[in-house]
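Here is a short tour of a few spots worth pulling up in your viewer. Keep the sequence handy as you read.

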Amino acid sequence: EIHIREPIEKEVNPRLLPGELLLCEASTVYKYMQEDGSNRGTYGKLVCTNFKISFLDDDSASDDNEPQFKNKIVGENDITLQCVDQIYGVYDEKKKLLTGQLRKYPEKLIIYCKDLRVFNFCLRYTKEEEVKRIVSGIVHHSQTPKLLKRLFLFSYASAAPNNTDGRNQTVMFETLEDWRDELERTKGNVKYKAVTTNEGYRVSEKLPLYFVVPICISEESILKYEGRGIPIWCWSCHNGAALLKMSAFPKEQDDSTSQMQKAFLDGIYKTINKPPYELLKMDDLSSSLPSLQDIQTAYTRFKQLFLIDNSTDFWATDVKWFSLLESTNWLDIIRRVLKKAIEVAECLEIQHTNVLLIEESATDLCCVISSLVQVMMDSYSRTKSGFQSLIQKEWVIGGHGFLDRCNHLHKSEKEEAPVFLLLLNCVWQLVQQYPPAFEFTETYLTVLSDSLYVPIFSTFFFNSQHQRDTNKSGESLKTQSGPFRFLTVWDWSVQFDPKAQAFLNNPLYAEKPKPDKSQRKTARFKHQRQLSLPLTQAKPSTKRGFFREETDHLIKNILGKRIGKFINSSDEPPNSLREFYDSWHSKPVDYHGLLLPRIDGPEIKVWAQRYLRWIPEAQLHGGGTIATAAKILDLMEEVQSLQVKMDEEHSQAVSGDVHSVPMLRNSARLSSLFPFALLQRQSVKPALPTSTWKDLEDEDDLVKRDDEFVDLSGDML
């Protein structure tokens with residue numbers, strides 16, 4: 001049985017952005033709702049443009065029931081072409097992956113998105129010609145390889161008036177001055193220098209225009225091997241120890257070349273391994289961390305757990321949730337990456353040792369570890385502008401290949417790997433463990449992950465600064481000539497109005513006290529410990545304890561494979577890392593000092609807001625962390641209104657810089673996955689076979705089991 005609403009009579013046209021063109025459309029398309037196992041849904045028009053796939057129904061034309069957290073660029077029923085993961089057609093109840101040319105056209109279309117939404121469209125009532133046009137159009141524009149200049153990024157940049165300045169307080173690291181300021185901020189300018197050797201990209205197109213190296217490194221050395229084998233500065237610790245990265249030489253070389261490169265490296269090491277520089281520890285990340293292929297495989301398995309078509313599928317996987325989750329290996333990869341960051345932090349903080357991260361290109365796992373270490377050790381990187389500046393420095397200007405790793409152009413799946421998503425998952429672990437230490441929220445991280453697939457910003461759509469600079473020149477429709485003016489993702493006003501932007505800021509952020517205050521030391525927060533997963537003992541499980549005896553071989557693999565010429569791993573006690581970890585966790589947390597993530601057993605959790613937000617069964621109405629936040633925001637709003645009244649009474653002007661507090665309407669009914677889950681979604685009875693449901697109803701502790709399930713999906717994971 002199909003529950004239908006009458007087809008829409010009034011014409012609904014898509015809202016097009018500057019430079020956006022309508023390519024194909026189909027009327028009388030039926031979109032299924034995902035709330036339950038029925039075939040309920042709504043009729044509308046399915047359109048494909050050079051920017052997005054969009055479903056338009058009669059609700060699209062009205063502004064009633066406007067969500068509180070609305071994206072101005074991508075609507076609830078919009079899918080950017082870069083956000084499409086896979087497209088399936090249903091033929092006689094059988095699913096088939098759609099790629100390339102189609103001989104037969106399906107009666108149903110299922111679109112799986114990279115932000116984990118699932119769209120089901122029925123084409124049975126659509127004219128055959130329109131079905132052919134819309135299906136072939138969607139498959140062609142979202143799945144086939146394309147040229148860089150064909151990205152919507154260029155169409156938008158040439159047509160849109162660029163009257164916004166998205167820099168705000170974010171340091172873009174596009175000028176020599178930016179690098180010198182960063183050196184001065186971290187007190188690294190005594191031993192390190194910003195160089196202009198790569199101006200005009202004469203050293204390498206992969207390196208940024210400006211970067212920082214040890215003062216003793218000569219220009220000739222930088223030029224010799226196109227920047228390979230040169231220690232490039234990332235960050236300096238308060239004690240003078242520095243975090244460096246280096247692009248390694250290719251492993252397969254003839255003997256004479258290898259000898260020359262070895263002699264070159266020896267010379268570099270001798271130069272930087274003596275005063276005024278600290279001792280040097282080298283870490284080859286290719287041997288101590290999972291490969292990019294392993295990371296891609298794990299994430300592919302992991303995301304399948306959340307691409308749920310209907311309630312029946314959800315409840316079927318729920319029975320073996322933990323075993324499925326563990327088999328993906330994704331959480332273990334997060335744990336290993338965090339552990340590596342703790343190891344590097346110990347070297348810098350306790351051993352006062354320089355750490356040199358080595359990787360083939362130094363633009364993947366080097367970016368992850370260097371960024372994590374700075375988030376853990378530098379409180380500036382935990383502010384919004386500081387974190388954005390960090391992403392600019394290490395990833396955007398640092399040369400991470402967003403175009404290849406996200407496979408935006410569908411050129412090669414072999415290059416695809418969710419490296420940036422891995423960083424955001426690791427940072428989320430810290431944010432949920434130490435909320436007052438971060439100026440931004442988990443909603444900010446979720447929105448940032450979504451922005452990877454919005455091609456109106458240049459931030460995540462180039463492989464290097466050179467590629468961005470060389471593609472800047474072009475014809476603009478507005479000025480007839482001159483370079484493209486790309487938007488940066490850091491201008492959040494492009495996607496969100498001020499009320500929605502308030503959800504990105506943490507109202508409970510513990511701002512750094514002024515240095516001149518005498519009570520600075522006493523104003524520390526008490527250490528907050530969170531509950532582990534339901535049904536788990538307080539102590540780590542003997543099977544899952546990361547530091548326990550049965551995982552000693554893993555520790556040796558991770559900690560022992562240190563490619564160091566000057567420091568031998570046997571010189572350190574094998575349990576020094578554990579001592580450092582335990583010692584830090586036994587003290588109260590200074591939210592503006594060093595932060596170490598908890599990585600034992602169930603402390604590593606699933607980022608529920610990002611991965612479960614489109615699954616109604618995983619939502620708890622009026623519960624979760626948002627319930628607490630709603631009460632706090634109500635209180636803050638009351639305090640602000642009282643402050644305004646006091647200011648008015650004293651005839652003082654109200655400051656325009658006061659942070660607006662988002663109003664949470666119907667806070668008692670908010671979903672635990674707010675602001676992404678809709679307010680009006682109701683819990684539905686699981687579409688389980690009748691016999692299974694009857695067995696459940698016979699249980700005395702049904703209520704208790706329901707509660708455990710909700711906790712597990714929403715907050716506890």
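With which side chain does the side chain of Glu 278 make a polar contact?

## What you're looking at

This is a predicted model, where local features need pLDDT of at least 70, side-chain atom pairs count only at pLDDT 80 or more, and totals for chains, interfaces and linings use all residues. Residues are numbered from 1 along each chain as its sequence is written, and side-chain values use heavy atoms, with hydrogens and water left out.

## Glu 278 in its loop

The partner is Lys 191: its side chain and that of Glu 278 make a polar contact at 2.7 Å (a pair of N or O atoms within 3.5 Å; within protein, one must be able to donate a hydrogen and the other to accept it, and residues adjacent in sequence count only if both atoms are side-chain atoms).

Glu 278 sits in the loop between helix H6 (255–272) and strand E13 (280–284); helices (H or I, at least four residues) and strands (E, at least two) are DSSP runs, numbered from the N terminus. Glu 278 counts as buried because its relative accessibility is 15%, buried being under 20% relative accessible area with a 1.4 Å probe, protein chains only. Leaving aside neighbours within four places in sequence, the residues in contact with Glu 278 include Asn 239, Ile 272 and His 352 (contact means heavy atoms within 4.5 Å).

## Helix H3

Helix H3 (residues 152–159) has 7 of its 8 residues buried, so it is largely enclosed by the rest of the structure. Among the buried ones are Phe 152, Leu 153, Phe 154 and Tyr 156.

Terms used
Buried means under 20% relative accessible area, exposed over 50%, partly exposed in between (1.4 Å probe, protein chains only).
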